[in-house]
Amino acid sequence: MNVAAAPKFTAADAARIAGELYGLPLAAEPLPSERDQNFLLRDGTGPRFVLKIANRDEALEVLDVQNKMLAHLAAIDTGLSFPRLVAARSGLEITPIAGDDDAAYFVRLFTWVDGVPMATVQPHSAALLRSLGASLARLDRALAGFEHTAAHRTLYWDLRHASLAYRHLDLLPEARRRMLRPFIDSWAALEWDRLPATVIYNDANDYNVLVDPVGSRVVSFLDLGDVVHSAVVCDLAIAIAYAMLDKADPIAAAADVLSGYHQVRPLSEAEADALYTLAAARLCASVCNAAHQARQAPGNDYLNISNRPAWQLLETLASYPADWTREVFRRVCGYSAEARSSASLVQTRRRMLGPSLSLSYGEPLHIIRGWRQHLYDAGGRRYLDCVNNVAHVGHAHPRVNEAIARQMAFLNTNTRYLHERLAEYIESLTATLPPPLSVVYLVCSGSEANELALRLARAHTGRDRVFVLDAAYHGNTSALVDLSPYKFNGKGGRGKPDHVEIMPLPDVYRGPYRGPDAGSRYAAHVADAAERTGGPAAFFAESASGCGGQIFFPRGYLAEAFAAIRAAGGVCVADEVQTGFGRAGSHFWMFQTQRVVPDIVTMGKPIANGHPMGAVVTTREIADSFANGMEYFNTFGGNPVSCAAGLAVLDVIRDEGLQENARTTGDYLLVGLRDLATRHAVIGDVRGCGLFVGVELVRDRATREPAAAEASQLVDRMKDLGVLLSTDGPLHNVIKIKPPLVFDRSDADVLLAGMENAL
Ligand code: PMP
């Protein structure tokens, strides 16, 4: 439709026309329109009529479709109010008038419908979005019985003909064309003959949707200018495209509209599957069209009204996994084979899963997809994952997935045969470690790694005793619960076993030593205990304490503690299950930040990005002591699939520069958090190394009274804002931040803005 052929009458002209043709001597004021002219006519009581002057290029029969359609709708109870056509004094429903250009323009008069455009109502409640869907479904049902030959036309805005808009793709910059390509490819693959078609309204954009003054329900749909015979589901797709604009959770908003619609006019499976593609196609068509029209009519602001939000939305949608959005829509329509309600999942867990396991959050999350640093739930919400230190290189990383799938399809067996993957993996892993750490054992979890480390140390020293740090957690086996004050001193714990000595956690914020000599003073406790007990088999320590509340040790602590242990004949074990593989940023291993080399390093969590794997690396000497004839066999440990996964993780860390990202993004985040602390007294301490960060909350900065309830409230509130965090530390007052290493500055900004808001 030619925008240049839009009529150019003045308000005074409109008032004159209203008087002459309709005998209505009323004042006229212009309403926005892209290609026609609409004037509001008011009298003393308020708005009464809309005078519509059609585009010069508009065919009479198209206006006739609209008029007949309104007449059709007036006879059906849709629960909506539509404008009624008012005939001129001449009896004509459509009257031609001459413009300044001597061309004929068609004039019609409609009654005014009260309401406010949905676009002007903020925020859109879930109820309003469902009302939009339900109202549109009632309209579509009512239109099912309507026919008109003129509706069978090739219309630019018919999504079936979206290629007419995509012709203008060339006007867009290359990066934006590339972004739109997958949406357009998906549109091109649609099977239109599987989508039922009738005459549809085809323009439920948020300026055309009228809602009641409090914004609780839809009362009407305006402007039948785009009416066309097309796939019915396009009506919903267009409504959804606009409903998603400017939403923090566009897919959740879309799911609300869809659920309202589906209850009134259930979608077929083919329609449900096509819906997301069609909604995105509408946005793509809009931005292509805007580019084209901006070139034709540079001064027309109306053209750009929805352009910027549309680009923002397309960028967001482009960052989503498309399979997730389709799955959310399938779930709403009941077409997902695997979907079960959260309530039923909770029930099943309660009935059949061992009860010693908690769920995060009072209202548990039902996550169905992970992608990079985000998690996606069943209801259409996306969360920034600031907690998961297992999905190290990002959730569902394609290179890791591919490596696992390819190897699994080819061969998976145990380590008693030769295999390239195993050799490659242990070569690559040991290359990240300083000498003499050169002998590898592959296992299936962090617990198995620590369990084996314990056996190695005991075999090497012939002793039983173990030193651990206060508040530590090292794993879930019987022997490791005994090494974990976090467990044996926590709920259900049986207290410290005799063979275990607890060293004070070298915490310079809350512990007894906080000055420049804190490292030596904490280490002196290790030396004293070694002397008192005759020395342990092993000193187990994370290189920065995770369960202890993101505690970073004072300078020199591990060096002096290790020296004391070794002098007493013990072995130093660095538990790098949480802290390893580049998370520290400045170094690949957190122990390197303390300038020490342990005798045994244990690894888990991030090692294979979620594939169950762990590793122990030690010295030749210790390994030889353990080789006393008893074999160490681990059925799954070191299988080719695990090795392929582990290799892919090491490759991705290197190729994507993730250690460097941990350093720069971690530094950026720390600056932002310290800035937050200047405004929020509840933040007692901010500490971190790379993307291993803690924020300790206190009620009083002087007494450092822990603010545990506040910490848990903050975590809950952040979830509502779409950011996942957790609390930790013996006093439960430390916010833990340890996201996948693909977490970037814009994610840090989201986290910081959320915390500012929540605090
Ligand atoms: N060590 C540390 C420091 C850990 O955080 C954990 C797990 N939270 C483990 C060991 C045990 O690892 P897994 O759960 O894989 O057995």
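## A guided tour, starting at the ligand

Select Gln 578 and the ligand together: a polar side-chain atom of Gln 578 lies 2.8 Å from an oxygen atom of the ligand, a polar contact in the sense of a pair of N or O atoms within 3.5 Å, where within protein one must be able to donate a hydrogen and the other to accept it, and residues adjacent in sequence count only if both atoms are side-chain atoms. What you have open is a predicted model, in which local features need pLDDT of at least 70 and side-chain atom pairs count only at pLDDT 80 or more, while totals for chains, interfaces and linings use all residues. Residues are numbered from 1 along each chain as its sequence is written, and side-chain values use heavy atoms, with hydrogens and water left out.

**Around the ligand**

Stay with the ligand and add Asp 575, where a polar side-chain atom lies 2.7 Å from a nitrogen atom of the ligand, and then Lys 605, where a polar side-chain atom lies 3.0 Å from a ligand nitrogen. The residues surrounding the ligand also include Ser 445, Gly 446, Ser 447, Asn 450, Tyr 473, His 474, Gly 475, Glu 542 and Val 577; a residue counts as near a molecule or strand if one of its heavy atoms lies within 4 Å of it.

**Pro 612**

Next select Pro 612, in the loop between β20 (600-603) and β21 (614-618); helices (H or I, at least four residues) and strands (E, at least two) are DSSP runs, numbered from the N terminus. Pro 612 is exposed, because its relative accessible area is 53%, and the terms used here are buried for under 20%, exposed for over 50% and partly exposed for values in between (1.4 Å probe, protein chains only). Leaving out residues up to four places away in sequence, Pro 612 touches Cys 444 and Ser 642, contact being heavy atoms within 4.5 Å. From C-alpha to C-alpha, Pro 612 and Ser 642 are 7.6 Å apart in space, although 30 residues separate them in sequence.

**Asp 249 and the arginines beside it**

Now go to Asp 249, in the loop between α6 (233-243) and α7 (250-264), and ask whether it is buried or exposed. Asp 249 counts as buried, because its relative accessibility is 15%. Beyond its neighbours within four places in sequence, Asp 249 is in contact with Gly 380, Arg 381 and Arg 382. Arg 381 forms a salt bridge with Asp 249, their closest N and O atoms being 2.9 Å apart; the rule for a salt bridge is a side-chain nitrogen of Lys or Arg within 4 Å of a carboxyl oxygen of Asp or Glu. This pair links distant parts of the chain, 132 residues apart, with Arg 381 in the loop between β13 (374-377) and β14 (382-385). The backbone nitrogen of Arg 382 also lies 3.4 Å from a polar atom of the Asp 249 side chain.

**Two more salt bridges**

By the same rule the count comes to 40 salt bridges, and two more deserve a selection. Asp 655 pairs with Arg 399, with the closest N and O atoms 2.9 Å apart, and this bridge joins helix α20 (residues 640-655) to helix α12 (residues 398-410) across 256 residues of sequence. Asp 655 is partly exposed, as its relative accessible area is 44%, and Arg 399 is partly exposed at 35%. Arg 532 in helix α17 (residues 518-533) and Glu 501 in strand β17 (residues 500-503) are 31 residues apart, and their salt bridge has closest N and O atoms 3.5 Å apart. In this pair Arg 532 is exposed at 58%, whereas Glu 501 counts as buried at 14%. Salt bridges that share partners join Arg 399, Asp 651, Arg 654 and Asp 655 into one network.

**The nonpolar cores**

For the last stop, select Tyr 166, Leu 180, Phe 221 and Leu 278, the residues with the most contacts inside the largest nonpolar core, which has 96 residues; such a core is a set of buried Ala, Val, Leu, Ile, Met, Phe, Trp, Tyr and Cys residues joined through side-chain atoms within 4.5 Å. Helix α8 (residues 269-296) gives the most to this core, with 15 residues. A second, separate core of 89 residues includes Val 649, Val 652, Leu 676 and Val 693.
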